[in-house]
Amino acid sequence: MRVLIENGSHGMRNLGDIAMLQVAVHRLQGLWPHASIDVLTGDDDRLIKLCPNVRPVPERGSRIWSQGLGVYDNTCGPTGKLGKRLNWAWRRLVHHGDLRRFMFSLDQSEVVVASGGGYINDIFEPHAMRVLTILEAAIQSGKLTAMLGQGVGPLESPRLRAKATSVLPRVHLIGLREKHAGPAILESLGVESARVMVTGDDAIEPAYDRRPERLGTRLGFNLRVASYSMTGATHMDTIESALNEAKARHDVALVSLPVLSRGTNADPETIERLLPTGDGRVGCHEVLDDPADLIERIGHCRVVVTGSYHAGVFALAQGIPVIGLANSPYYVSKFQGLADQFGAGCEVVLLDGASLRERLAGAIDRAYASAERMRPQLLESAERQISAGRSFYQELAALGAGRR
């Protein structure tokens, strides 16, 4: 048996996406111990290091494949002059090694899944279209399909909505990491509720398993500065001021919590600008390569302030209160969904509007004051979501058994 996983972070740079992939691989291996598991990736070495016993499949092959389909579908047909030229180009591409490896994996796999992530939305439309195209091909070939721990939306693009409406109602099982927005979006796309389960984020389990016996003392911090977060220089001075005041008021060390570890928009560079090393600031120059290292660092915190979703997941799963910093509709939706899953221990602070420094300072103070009281509730929420996630995978196994 062969399973193909479409990995939401092909570059293996985002520690949250890596953690979700690790959980997916572990659980799928538990369901089908003798299965070969293929994973789409752009970094074979990091994949094998972080997910041993899987087979890397070049994501470049999936790009060539999906782009070839998209270009050909937009021509005037195979008999026209342009169509003949593209048909010839496609035949040439079929001999590309990466493309052949991807097509072989897709053809031979009995199960095709999309691992957890927040990529079915307007911001990441090219990636979302490719994921949906892969799932569509798998469905048409009679394979078992599933989406694991998904965050869906915002979804307004007519092109992406049309594709999602065509594909998602036929995916056999869809796991959502939140119930705040995802179920309504899927319903609007024609997905039957019987195919949908709210599981929480797959990355909750490894963080919960590493939870410390008691709360730490540090104030953890992350900020994602990128076009899709709509967070930038206009917010940074205010956030820095609020953090420094909280550091002095609570007499704590500030600790860097980078999730996107490398490349464009990498968290360490942003955090270092706000929290230069020295004077009670920890880890600003370090690049963490394994989700376990970030989870362990978060475990030393009493409160986490974060503009990155998965720093919040890793904290809440260990019973640590979170203040989520959000500005774009994408991040507002992500953090509101997370707050809905965990309850009062997760407060969302919007970066637009007046009095940001005062609102952020107040949220930090409230989190510090309530941290001990909130911890049992947060851990209980984590336990419920872990149980729901495991049930989802068991349901997937039952669907697989029913097809044999």
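In the predicted model, F221 stands opposite S256 of strand β10. This pair belongs to the contact between β9 and β10 (residues 254–256), two strands that run parallel and are joined over 3 bridges. The connection between β9 and β10 passes through helix α10 (residues 233–250), and the resulting β-α-β crossover is right-handed.

Strand β9 also pairs with β12 (residues 301–306), again in the parallel sense, here over 5 bridges. Within this pairing, R218 has C301 of β12 as its bridge partner. The surroundings of β9 (residues 218–222) are reflected in its accessibility: 4 of its 5 residues are buried, that is, under 20% relative accessible area, so the strand is largely enclosed by the rest of the structure.

Empty space in the model was examined separately. Rolling a probe the size of a water molecule over the atoms shows where such space is left. The largest pocket has a volume of about 570 Å³. Its lining comprises 25 residues, and those nearest the centre of the pocket are G8, S9, N14, D17 and F124. Several secondary-structure elements contribute to this lining: strand β5 (117–120) and the helices α13 (309–316) and α14 (329–342) each provide at least two residues. Classified by residue type, the lining of the largest pocket contains 12 polar, 8 nonpolar and 5 charged residues.

Key:
Residues are numbered from 1 along each chain as its sequence is written. This is a predicted model: local features need pLDDT of at least 70, side-chain atom pairs count only at pLDDT 80 or more; totals for chains, interfaces and linings use all residues. Side-chain values use heavy atoms; hydrogens and water are left out. Buried means under 20% relative accessible area, exposed over 50%, partly exposed in between (1.4 Å probe, protein chains only). Two strands pair if DSSP finds at least two bridges between them. A crossover is right-handed if, with the strands pointing away from the viewer, the path from the first strand over the helix to the second runs clockwise. On a 1 Å grid over the protein atoms alone, a cavity is a set of points where a 1.4 Å probe fits but cannot get out, and a pocket is an open set with protein on both sides within 12 Å along at least five of seven lines; lining residues have an atom within 4 Å of a point. Grid points are joined across faces, edges and corners, and a volume is the space filled by probe spheres set on the points. Ala, Val, Leu, Ile, Met, Phe, Trp, Tyr, Cys and Pro count as nonpolar, Asp, Glu, Lys and Arg as charged, and the others, Gly among them, as polar.
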